[in-house]
Amino acid sequence: MQEESVTPNTESNSAYLRRCKAAEIRPHPARFPQGFAEFFIKFLTDEGDMVLDPFAGSNTSGFVAQTLQRRWISFEINEDYVMGSRYRFTQ
Ligand SMILES: C[S@@+](CC[C@H](N)C(=O)[O-])C[C@H]1O[C@@H](n2cnc3c(N)ncnc32)[C@H](O)[C@@H]1O
């Protein structure tokens, strides 16, 4: 069986790191692998469903949810991590 992956794991992570560095923002130190979020989002939700992450960090889950055509709401207490997470969604 071959694993299907719709999210380009390393590329979007390296884009996140690159953009954080350019903006002089410290990247989140404990990011989850995108494949981890992808597995559970696909397993537990359908397109159009809402994914909520109350401890979002760099918002891996929100990014993957959006890539998989889910809606998302994320909470993160540390403003620096929120600011950095924006770079997952910008070009
Ligand atoms: C393990 S990290 C999440 C990493 C995330 N899955 C990712 O891939 O970037 C847990 C996060 O929960 C945040 N956190 C801790 N307590 C919180 C709270 N009461 N409300 C919101 N966020 C909180 C921390 O600041 C931390 O960024």
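**Exercise 1. Place D80 in the fold and find what it touches.**

*Solution.* Start with the element: D80 belongs to helix α4, which covers residues 79–85. Keep in mind as you work that this is a predicted model.

Next, look at the surroundings. D80 has 13 other C-beta atoms within 10 Å, so it is classed as partly exposed. A residue needs 20 or more such neighbours to be called buried, and one with 12 or fewer is exposed.

Now search for partners beyond the neighbouring stretch of chain. Leaving out residues up to four places away in sequence, D80 touches I25 and R26. For R26, the C-alpha atoms lie 7.7 Å apart, although 54 residues separate R26 from D80 in sequence.

**Exercise 2. Write down the order of helices and strands, then describe how the two strands are joined.**

*Solution.* Count the elements to begin with: the protein has four helices and two strands. Walking along the sequence gives the pattern α-α-β-α-β-α.

Then turn to the strands. β1 spans residues 50–53 and β2 spans residues 71–74. The two run parallel and are joined by four bridges.

Finally, add the helix between them. Together, β1, helix α3 (residues 60–67) and β2 form a right-handed β-α-β unit.

**Exercise 3. Pick out the bridge partners of V51 and L52, and say whether L52 is buried, partly exposed or exposed.**

*Solution.* Take V51 to start: its bridge partner in β2 is W72. For L52, the bridge partner in β2 is I73.

Follow L52 a little further. This residue sits in strand β1. L52 and I73 are 21 residues apart in sequence, yet their C-alpha atoms are 4.9 Å apart in space. With 13 other C-beta atoms within 10 Å, L52 counts as partly exposed.

**Exercise 4. Which residues of α2 are buried, and which are exposed?**

*Solution.* Helix α2 runs over residues 34–44, and its buried residues are Q34, A37, E38 and I41. These four cover an arc of only 100° around the axis, so they lie on the same side of α2.

Now turn the helix round. On the other side of α2 you will find G35, F40, F43 and L44, which are exposed.

**Exercise 5. Explain why α3 can be called largely enclosed.**

*Solution.* List the buried residues of α3: T60, S61, G62, F63, V64 and A65. That makes six of the eight residues of α3, and therefore the helix is largely enclosed by the rest of the structure.

For context, buried residues make up 27% of the 91 residues in the protein.

**Exercise 6. Find residues other than glycine with a positive phi, and compare the settings of E24 and N59.**

*Solution.* Begin with E24, whose phi is near 55°. E24 lies in the loop between α1 (9–22) and α2. It has 6 other C-beta atoms within 10 Å, which means that E24 is exposed. One more distance helps you to place this loop: the C-alpha atoms of E24 and G84 are 9.5 Å apart, with these positions 60 residues apart along the chain.

Move on to N59, which is not a glycine but has a positive phi of about 65°. N59 is in the loop between β1 and α3. Here the setting is buried, because N59 has 27 other C-beta atoms within 10 Å.

Add Q69 to your list as well: just after α3, Q69 takes a positive phi of about 60°.

**Exercise 7. Describe the shell around the ligand.**

*Solution.* Look at the number of residues to begin with: there are 15 around the ligand, and F32, F55, G57, S58 and T60 come nearest. Then sort the shell by class, which gives eight nonpolar, five polar and two charged residues.

You have met one of these names before: T60 is among the buried residues of α3.

**Exercise 8. What share of the contacts with a separation of 6 or more joins residues 24 or more positions apart?**

*Solution.* Among contacts with a separation of 6 or more, the share is 57%. The pair of D80 and R26 gives you an example of such a contact, with their positions 54 residues apart in sequence.

Key. Residues are numbered from 1 along each chain as its sequence is written. This is a predicted model: local features need pLDDT of at least 70, side-chain atom pairs count only at pLDDT 80 or more; totals for chains, interfaces and linings use all residues. Two residues are in contact if their C-beta atoms, placed from the backbone, lie within 7 Å. A residue is near a molecule or strand if its C-beta atom, placed from the backbone, lies within 6 Å of it. Ala, Val, Leu, Ile, Met, Phe, Trp, Tyr, Cys and Pro count as nonpolar, Asp, Glu, Lys and Arg as charged, and the others, Gly among them, as polar. Two strands pair if DSSP finds at least two bridges between them. A crossover is right-handed if, with the strands pointing away from the viewer, the path from the first strand over the helix to the second runs clockwise. The arc is that of the directions from the helix axis to the C-beta atoms.
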